[in-house]
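Work through the exercises below with the sequence and the model open. Try each task before reading its solution.

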Amino acid sequence: MSAPPTTYGTVTKIFHWTTALLILMLIPMGMYANQLPFETSAELARKAQVFSIHKTLGVLVFFVALARILWAMSHAKPGPLYPERKAETFVAELIHWLLYGSLVVVPLSGWIHHAATTGFAPIWWPFGQNLPLVPKDETLAELFGGFHWILTKVLAASLFLHLAGAAKHVVIDRDSTLSRMWFGKSKAPKVPAHRTPAAAPLGALVIFIAAFAAAYAFKSNTHAGEGATVAALEDVESDWEVLDGGTLAITILQLGSEVTGTFSEWTADISFDADAGPTFGEVTATIAIGSLSLGTVTDQAMGADYFDVANFPTATFRGPITSDGGATYRVDGELELKGITAPLTLYFDLLEQDDGTWLMQGATQIDRMGYNIGLAQDKEGTLGFGVDVDIDFFARQAE
């Protein structure tokens with residue numbers, strides 16, 4: 001049995017001040033990155049660089065915090081200088097538990113948000129951009145983005161109270177509280193062994209649960225009115241009926257990473273006869289631009305510099321169906337998008353299914369610059385010029 005220590009150990013001190021330095025860098029860096037503009041390629045590249053530094057250091061904080069907590073659990077620390085001040089001692093314990101918890105859940109929530117989305121500000125650690133059991137999902141990304149935002153406020157408040165408490169011990173109490181965590185000799189008195197009241201970690205847990213609930217409620221309220229900007233498409237009478245479950249997807253390359261989105265609302269008026277030729281029919285497709293889901297950049301994509309959905313709510317592609325003589329068909333048509341009409345060729349294959357339906361799988365590529373989409377992003381390394389379009393659906397002849 002050994003006597004309780006009067007100061008913190010050297011390793012604990014290194015953990016403490018390393019974590020403090022990282023947090024005092026990360027909080028203002030995150031605020032700075034959020035307010036940076038991203039209208040031009042240079043601005044977006046700078047914003048992404050600052051966010052990458054922020055995320056990379058945030059992951060470092062996560063692992064440092066885990067190591068610090070494991071170390072603290074396996075090593076004794078000095079007890080409070082004033083155990084008779086029960087309220088003050090409890091508040092100090094509560095704040096410490098909030099800090100310990102925040103140092104884990106804040107970077108972890110940000111990391112999950114990053115892993116659930118794609119295409120912006122990569123983490124520079126060499127273990128990739130994904131996390132096990134975390135799918136690429138916009139809803140999940142937004143949820144944990146909200147968690148990260150509100151948990152940073154819990155961290156900031158805890159840090160402020162921690163610093164205020166340290167200042168009180170230095171200025172008012174004039175005791176050895178700070179010197180016990182600083183390097184060198186300390187004149188700290190011997191005190192009883194440290195014991196954590198159960199109410200402190202429980203209180204911290206309640207605060208974290210309340211923070212999660214508030215973030216979830218905020219997200220639900222924010223998205224309650226979504227869908228108002230999606231254009232209502234008229235029903236079409238088509239020789240071929242497109243069955244539910246089809247996919248119309250686009251993929252862009254942002255800062256070297258693919259970002260894929262889908263349109264949920266579109267119609268297709270198709271006439272097709274495989275025995276005809278050289279023209280087998282024609283197709284007219286209308287897409288509700290506002291139905292696009294493009295991860296965390298959906299709102300940006302709807303803006304005037306990109307799709308400008310307020311003024312151009314739909315896009316239309318039409319053209320005759322022909323073939324080069326092989327199994328692949330083509331539509332040498334025109335795409336009207338954002339008020340501009342330009343030639344576009346879509347290649348597709350048809351696969352007959354056992355139930356009498358046909359599977360259509362097609363692909364093409366659009367030059368976004370030709371449609372005045374994202375003109376300010378004029379560097380292909382920042383936002384690729386080519387937008388891949390993939391479409392697949394099942395259809396059957398209308399009766």
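A salt bridge is a side-chain nitrogen of Lys or Arg within 4 Å of a carboxyl oxygen of Asp or Glu. Keep that cut-off at hand. The model is predicted.

**Exercise 1. Salt bridges around Lys-168**

Task: Find which residues form salt bridges with Lys-168, and place Lys-168 and Glu-88 in the fold.

Solution:
1. Start with Asp-173. The closest N and O atoms of Asp-173 and Lys-168 are 2.6 Å apart. The cut-off is 4 Å, so the pair counts as a salt bridge.
2. Turn to Glu-88. The side chains of Lys-168 and Glu-88 also meet in a salt bridge, at 3.6 Å from N to O.
3. Locate this second pair. Lys-168 sits in helix α4, residues 138-173. Glu-88 sits in helix α3, residues 86-116. The two residues are 80 apart, and their pairing links distant parts of the chain.
4. Check the exposure. Lys-168 has a relative accessible area of 28% and is partly exposed. Glu-88, at 30%, is partly exposed. Asp-173, at 21%, counts as partly exposed. Buried means under 20%, so Asp-173 is not buried.
5. Widen the view. Arg-85, Glu-88, Lys-168 and Asp-173 are linked in a network of salt bridges.

**Exercise 2. Another pair**

Task: State how many salt bridges the structure holds, then examine the one between Asp-378 and Lys-379.

Solution:
1. The structure holds seven salt bridges.
2. One of them joins the side chains of Asp-378 and Lys-379, with 3.6 Å from N to O.
3. Asp-378 is partly exposed, with a relative accessible area of 40%. Lys-379 counts as partly exposed at 49%. Exposed means over 50%, so Lys-379 does not reach that class.

**Exercise 3. Ser-52: buried or exposed?**

Task: Classify Ser-52 and find what its side chain contacts.

Solution:
1. Ser-52 lies in helix α2, residues 41-74.
2. Its relative accessibility is 2%, so Ser-52 counts as buried.
3. A polar atom of the Ser-52 side chain lies 2.8 Å from the backbone oxygen of Pro-122.

**Exercise 4. Two surface patches**

Task: Name the residues of the negative patch and of the nonpolar patch.

Solution:
1. The patch of negative charge gathers Glu-237, Asp-239, Asp-269 and Glu-282 on the surface.
2. Among them, Asp-269 belongs to strand β4, residues 266-272. Asp-269 has 32% relative accessibility and counts as partly exposed.
3. The nonpolar surface patch is made by Phe-63, Leu-66, Trp-125 and Phe-127. Its area is about 350 Å².
4. Among these, Trp-125 lies in the loop between α3 and α4. Trp-125 is partly exposed, with a relative accessible area of 32%.
5. Patch residues need over 30% relative accessible area, and Trp-125 at 32% passes that limit.

**Exercise 5. A glycine in a loop**

Task: Place Gly-256, classify its exposure and find how many Å separate its C-alpha atom from that of Gly-145.

Solution:
1. Gly-256 lies in the loop between β2 (247-254) and β3 (257-263).
2. Its relative accessibility is 59%, so Gly-256 counts as exposed.
3. Gly-256 and Gly-145 are 111 residues apart along the chain. Their C-alpha atoms are separated by 22 Å.

How values were computed
Residues numbered from 1 in each chain as written. Predicted model: local features only at pLDDT ≥ 70, side-chain atom pairs only at ≥ 80, totals over all residues. Heavy atoms only, no water. Patch = residues over 30% accessible without salt bridge, like charges linked within 9 Å, V, L, I, M, F, W, Y side chains within 5 Å. Areas by Shrake-Rupley, 256 points an atom, 1.4 Å probe, with all protein chains shown as cover. Lys, Arg positive; Asp, Glu negative; His and termini not counted. Charge placed at Lys NZ, Arg CZ, Asp CG, Glu CD. Helix = DSSP H or I, 4+ residues; strand = E, 2+ residues; numbered from the N terminus. Buried < 20%, exposed > 50% of the residue type's maximum accessible area, 1.4 Å probe, protein only. Polar contact = N/O pair within 3.5 Å; in protein donor to acceptor, adjacent residues only side chain to side chain.
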